[in-house]
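User: Please take a close look at how one pair of packed elements fits into this structure, and then follow the surroundings outward from there. I am new to this structure, so a connected account would suit me better than a list.

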Amino acid sequence: MAEQDIPEEYLDGYARILAAASSTGRRLTREELDSRRALGERAADAGHGLRSLVGAHLAATRAHWPASRTVSADSVLAAAEQAVDAFAEGYERAQRLAVRQEEAVRREFIDDLLYGRSDLGLLAERAERFGLRLSYEHAVAVAEGPSGYEEGHPVPREVERALIGRFGDRSILLTTKDGRLVCVAPGDQDEVLTFFAKQAYAATDGGRVAIGRPQPGPGGVVQSYEEALNALDLAARLEIDEPVLRAADLLVYPVLTRDRQAMADLVVNTLGPLCEARGGAQPLIDTLAAYFDSGCVATEAARRLALSVRALTYRLARIHRLTGANPTDPVHRYTLQTAVIGARLLDWPAKPF
């Protein structure tokens with residue numbers, strides 16, 4: 001905006017203050033400074049640019065330069081500097097307040113969006129302000145690292161810059177929640193979440209990312225977000241070391257634990273006898289987990305456990321004797337593997353039933 005487009009109201013009293021202060025060389029009074037700050041706040045609220053406002057003050061200074069030869073240029077410039085500085089202070093104060101208010105509105109919206117605590121119709125209306133159309137499908141990716149991240153942290157800023165640089169404005173919402181990075185994207189733009197996962201993995205120094213399934217409607221974001229969180233929890237419990245997890249690939253695990261009592265019975269009846277072993281059940285459960293995770297290849301399982309193949313074979317035989325189920329027998333293998341998964345999901349035997 002050009003200087004001549006700045007309304008005169010934002011220069012109200014400036015010529016009088018300039019003349020009064022420069023004629024004696026005094027500093028501006030508190031009331032005069034406060035009046036400049038107030039005008040600066042009003043100008044910021046009205047959306048005028050600070051550059052144009054300063055330009056308007058400089059033009060007014062030239063227009064109202066005292067004609068008296070007894071007034072020095074230094075006193076005029078000093079008075080103008082104080083007035084413009086106070087005006088800019090008020091302007092910046094109003095901008096900071098506006099930013100804080102906008103951040104509060106955005107944070108409230110994000111909390112309601114991810115927890116589904118607001119009326120869905122009203123939530124959909126609010127979402128348009130942030131570039132989301134909740135009538136469409138959306139998917140959510142969640143990234144966690146070794147430490148927590150909040151708004152303004154270098155890590156989310158780095159990821160956001162990469163996303164904007166790659167995709168521009170594509171109705172993408174990037175935020176933080178409970179120390180994690182959260183990315184919401186249209187459900188038909190999987191490439192956005194895949195790129196987010198790659199960038200978040202690098203920015204968090206090897207963190208883990210989970211991607212929920214696309215879900216429709218205003219409540220779909222909540223569902224996809226919860227799926228991503230559950231995938232992260234499953235990965236921690238099952239010690240899955242994949243850097244990127246997709247909830248669609250882990251659907252079998254919620255099914256296994258849907259009937260918790262039935263799973264607990266399977267774990268206790270199948271693996272309970274391992275508690276009689278020296279050192280308890282946990283080392284033998286870890287042996288079974290490594291054996292199954294390695295595709296039942298004894299040499300690979302032994303390497304993962306830092307054991308000799310002979311020691312691993314002894315443990316498998318010990319498990320067979322205690323439980324009656326042979327880990328190397330395909331008939332028994334499924335029952336044992338399901339029981340091991342159940343034990344890890346239910347944190348048994350650390351938390352007895």
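Analyst: In this predicted model, helix α10 passes α14 in a left-handed crossing. The two helices, α10 covering residues 260-271, pack at an angle of about 115° with their axes 9 Å apart. On the α10 side, the contact is made by Met263, Leu266, Val267, Thr270 and Leu271, while α14 contributes Thr335, Leu336, Thr338, Ala339, Val340, Gly342 and Ala343. Sorted by character, the residues of this contact are eight nonpolar and four polar, and no charged residue is among them.

Helix α14 also has a part in the interior of the model. The largest nonpolar core holds 30 residues, and the members that touch the most others are Phe109, Leu113, Leu132 and Leu134. At least two residues of this core come from each of α4 (73-115), α5 (120-128), β1 (138-144), β3 (180-186), α8 (220-238) and α14 (330-345), and the largest share, eight residues, belongs to α8. Leu113 gives a view of how distant stretches of the chain meet here: leaving aside neighbours within four places in sequence, Leu113 is in contact with Leu123, Leu132, Leu134, Leu173, Val221 and Val222. Separate from this is a second core of 26 residues, which includes Ala277, Leu284, Phe292 and Ala302.

Two members of that second core, Ala277 and Leu284, reappear around Leu322, whose place is in helix α13 (residues 309-323). With a relative accessible area of 18%, Leu322 lies under the 20% cut-off and therefore counts as buried. Beyond its neighbours within four places in sequence, Leu322 is in contact with Pro273, Leu274, Glu276, Ala277 and Leu284. The view also leads back to the helix pair: the C-alpha atoms of Leu322 and Thr270 are separated by 9.7 Å although the two residues are 52 apart along the chain, and Thr270 is one of the α10 residues in the contact with α14.

The strands β1 and β3, which feed the largest core, belong to an open sheet of five strands in the order β2-β3-β1-β4-β5, with mixed pairing. At the edges are β2 and β5 (244-246), each of which pairs on one side only, and from one strand to the next the twist averages 20°. Strand β4 (residues 208-211) pairs with β5 in the parallel sense over three bridges, and in that pair Val209 stands opposite Val244 of β5. Helix α4 packs on the sheet and touches β2 and β3, its direction making about 85° with that of β2. Helix α7 (residues 190-203) also packs on the sheet, touching β1, β2, β3, β4 and β5, and its direction makes about 5° with that of β1.

Within the sheet, β1 has β3 on one side and β4 on the other. Six bridges join β1 to β3, and these strands run antiparallel; His138 has Pro186 of β3 as its bridge partner, and Ala141 has Cys183. Toward β4, four bridges are found, again in an antiparallel arrangement, with Glu144 opposite Arg208. Because six of its seven residues are buried, β1 is largely enclosed by the rest of the structure. Strand β3 is likewise mostly covered, with six of its seven residues buried.

On its other side, β3 is joined by five bridges to strand β2 (residues 173-177), and the two run antiparallel; here Thr175 has Val182 of β3 as its bridge partner. These two strands form a hairpin with two residues between them, and Asp178 in the turn has a positive phi of about 55°. Gly179 is also placed in the loop between β2 and β3, and a relative accessible area of 11% means that Gly179 is buried. Not counting residues up to four places away in sequence, Gly179 touches Ser147, Gly148, Tyr149 and Glu150. From Gly179 to Gly148 the C-alpha distance is 3.9 Å, across a separation of 31 residues in sequence.

Terms used
Residues are numbered from 1 along each chain as its sequence is written. This is a predicted model: local features need pLDDT of at least 70, side-chain atom pairs count only at pLDDT 80 or more; totals for chains, interfaces and linings use all residues. Side-chain values use heavy atoms; hydrogens and water are left out. A nonpolar core is a set of buried Ala, Val, Leu, Ile, Met, Phe, Trp, Tyr and Cys residues joined through side-chain atoms within 4.5 Å. Buried means under 20% relative accessible area, exposed over 50%, partly exposed in between (1.4 Å probe, protein chains only). Contact means heavy atoms within 4.5 Å. Two strands pair if DSSP finds at least two bridges between them. Axes are lines fitted to C-alpha atoms, for helices over the stretch in contact, and angles run from 0 to 180 degrees between N-to-C directions. A crossing is left-handed if the near helix is turned anticlockwise from the far one by less than a right angle, and right-handed if clockwise. Ala, Val, Leu, Ile, Met, Phe, Trp, Tyr, Cys and Pro count as nonpolar, Asp, Glu, Lys and Arg as charged, and the others, Gly among them, as polar.
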